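The following paragraphs lead through one protein chain, from its overall make-up to its annotated site, its cores and its charged pairs. Please keep the sequence and the structure in view while reading.

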Amino acid sequence: MPPTRRRTTSAKPPAAIAAALAAAKERAATLIAEPANVPTLIPDVHDTNAGVPVPENGSDNDDDEANDESSTPGTTGAAKKKKNRKKKKKSAMAAPASASAAVDPASFDGPGVGEGAAGQTSPPTIPVSRLFRGLYPEGEICDYQDDNLWRTTSEEKKALEMTPFWEAELRDARRGAEVHRQVRNYAQRTIKPGMSMTEICELIENGTRNLVEAQGIEAGIAFPTGCSLNACAAHWTPNAGDKTILQQSDVCKIDFGVHVGGRIIDSAFTVTFDPVYDNLLAAVKDATNTGIREAGIDVRLSDIGAAIQEAMESYEVEFGGKTYQVKPIRNLSGHSIERYNIHAGNSVPIVKNGDQTKMVEGEFYAIETFGSTGAGRTIDGDEISHYMRVFDNPHGANVRLSRARQLLQTINTNFGSLAFCRRYLDRIGESKYLLALKNLVECGVVMPIPPLYDTPGSFTAQYEHTLVLRPTCKEVLTRGDDY
């Protein structure tokens, strides 16, 4: 999911998320270290007891409900932690938020237990925790190079990865990544011309909810399913009543996310049905893999962008007897990811831009690239479907409209600081909310995220993976046999 603007967030997490963080720290002391002979598999069972406080409703009257559907919003303007009585080693790091507690794998039962991905149904319905008995496979492992090659054999770095902090980080991330692989495998086999875009999104979202055992902001969908077509590069999903049908000639970007305890997995691919687009997809896939190869501890972001740009611009595509160079969409980028924060501060450019910021140990990144036959630059579209509450403004003290405060409570309870769309509000029973949503946007509490378009008649493609810069290696969490 590409950022629409670069921003940093240094404020402490909002209340709903902070409560989940605090509850997880208390559970961290009970984490069980894994045996040394299984360093790449980490057990998990999800804890659902974290509290989710929300702001109180206001009491002033709202006389504007009758006109609620008259405009589309966005077109204008800690819980107390018990002391741990056991002494901790100074070198150990605290476990992160909503970390899943380690359990005995033999405690899982039911259909598909222990069968891995091969035991999944079609459509996917069996939680990955059951299929893998909580022991999730690692992603693609890439050794660091040059000045960081020493990390691959460092006993100190290996020991660091055995701490509760890293065990929890990798357990949650790998669980989400396995959900993504299985859901997209089904989607790639199922998506066909003639399907409605709503049908496509719902098959992906239902699969995600089933496999991750969605439970509010504890685990579930990380952001709306993007299914942007042709010149639209990103941030489009159908609103209620949309009748758009996937065509044989379309280029469709499928961008969806999963989260476990706020640890977000973000990955995307492009679907086409005409081989004329093969070189466009090849260019973007090569560019994304180039960015992954170049990423690493102490690597400058601009250097990654320069390598991506060189790879993508080496490709050409031919449509109707005319040849086009594949251009990177220069105002879109990859991004760093933190728990409950999809765009955490750093942007990974897909062109050389002079950013001297270096990647550091422990960071999670979405490496994504966009290629285009158009101008290589997007502008905002009109019909908005995506929204996201501002990360460090959960209470909206300046919101006066009673209905808007009620809607904010619903957003905090169900999505927190994760992105959502109007279909998700419809699904949980909200109605006549457009005026309230518009008010939250105007008050700066909720951000509208418009669809992004290159020039009319152009075609755009996207590929994306999530990786983590572990102390000993780089792990491409979402890597699969497909891309």
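The chain has an accessible surface of about 20,000 Å², and carbon and sulfur atoms account for 48% of that area. The model is a predicted one. Of its 483 residues, 58% count as buried. The secondary structure consists of 10 helices and 19 strands.

A convenient place to start is the annotated site. Under "binding site", an unreviewed UniProt entry lists Asp266, His335, Glu368 and Glu464. These positions are spread over 199 residues of sequence, yet they cluster in space, with a largest C-alpha distance of 10.7 Å. Two of the listed residues can be placed on strands: Asp266 lies in strand 6, and Glu368 lies in strand 12, which spans residues 364-372. Asp266 has a relative accessible area of 0% and Glu368 one of 1%. Since buried means under 20%, both side chains belong to residues that count as buried.

His335 connects to both of these acidic residues. The side chains of Asp266 and His335 are joined by a polar contact of 3.3 Å, and those of Glu368 and His335 by a polar contact of 3.2 Å. The surroundings of Asp266 include further members of the annotated set. Leaving aside neighbours within four places in sequence, Asp266 is in contact with His335 and Glu464, and also with Met1, Phe223, Asp255, Phe256, Ile337, Ile342, Ala366, His465 and Thr466.

Strand 12 also holds Ser372. Is this residue buried or exposed? With a relative accessibility of 0%, Ser372 counts as buried. The side chain of Ser372 reaches the backbone nitrogen of Gly374 at 2.8 Å. Not counting residues up to four places away in sequence, Ser372 touches Leu280, Gln325, Val326, Lys327, Ile329, Asp454, Ser458, Phe459 and Thr460.

The nonpolar interior comes next. In soluble globular proteins, nonpolar side chains tend to be buried together. Here the largest nonpolar core has 63 residues, and those with the most contacts inside it are Met197, Ile200, Ile204, Cys252, Ile254, Met359 and Tyr365. Helix 5 gives the most to this core, contributing seven residues. Another core lies apart from it and has 26 residues, including Trp166, Ile342, Phe364 and Met388.

Tyr365, one of the well-connected residues of the largest core, also has contacts with the annotated site. Apart from neighbours within four places in sequence, Tyr365 is in contact with His335, as well as with Leu301, Ser336, Ile337, Asn346, Val348, Met359, His465, Thr466, Leu467 and Leu469. Among these, His335 is listed in the UniProt entry, while Ile337, His465 and Thr466 also appear among the contacts of Asp266.

Charged pairs form another set of links. The count comes to 17 salt bridges. What do three of them, each with a partner in helix 4, connect? In one, the side chains of Glu169 and Arg263 meet at 2.9 Å, N to O. Glu169 lies in helix 4 (residues 164-190) and Arg263 in strand 6 (residues 263-271), so this salt bridge ties together parts that are 94 residues apart in sequence. Glu169 is buried at a relative accessible area of 4%, and Arg263 is likewise buried at 4%. Strand 6 therefore carries both Arg263 and the annotated Asp266.

A second salt bridge joins the side chains of Arg175 and Glu213 at 3.5 Å, N to O. This pair links helix 4, where Arg175 lies, to the loop between helix 5 (197-212) and strand 2 (219-221), where Glu213 lies, 38 residues apart. Arg175 is buried at 0% relative accessibility, whereas Glu213 is partly exposed at 30%.

In a third, Arg184 and Asp482 meet through their side chains at 2.7 Å, N to O. Arg184 is in helix 4 and Asp482 in the segment after strand 19 (474-476), so the pair ties together parts that are 298 residues apart in sequence. Arg184 is buried, with a relative accessible area of 0%, and Asp482 counts as partly exposed at 29%.

Salt bridges also occur as a network here: Glu138, Glu161, Arg174, Arg470 and Glu475 are linked in this way.

Methods. Residues are numbered from 1 along each chain as its sequence is written. This is a predicted model: local features need pLDDT of at least 70, side-chain atom pairs count only at pLDDT 80 or more; totals for chains, interfaces and linings use all residues. Side-chain values use heavy atoms; hydrogens and water are left out. A salt bridge is a side-chain nitrogen of Lys or Arg within 4 Å of a carboxyl oxygen of Asp or Glu. Helices (H or I, at least four residues) and strands (E, at least two) are DSSP runs, numbered from the N terminus. Buried means under 20% relative accessible area, exposed over 50%, partly exposed in between (1.4 Å probe, protein chains only). Accessible areas come from the Shrake-Rupley method with a 1.4 Å probe; for residues, only the protein chains shown count as cover. UniProt positions are given in the numbering used here, feature names are shortened, and annotations may be inferred rather than shown by experiment. Contact means heavy atoms within 4.5 Å. A polar contact is a pair of N or O atoms within 3.5 Å; within protein, one must be able to donate a hydrogen and the other to accept it, and residues adjacent in sequence count only if both atoms are side-chain atoms. A nonpolar core is a set of buried Ala, Val, Leu, Ile, Met, Phe, Trp, Tyr and Cys residues joined through side-chain atoms within 4.5 Å.
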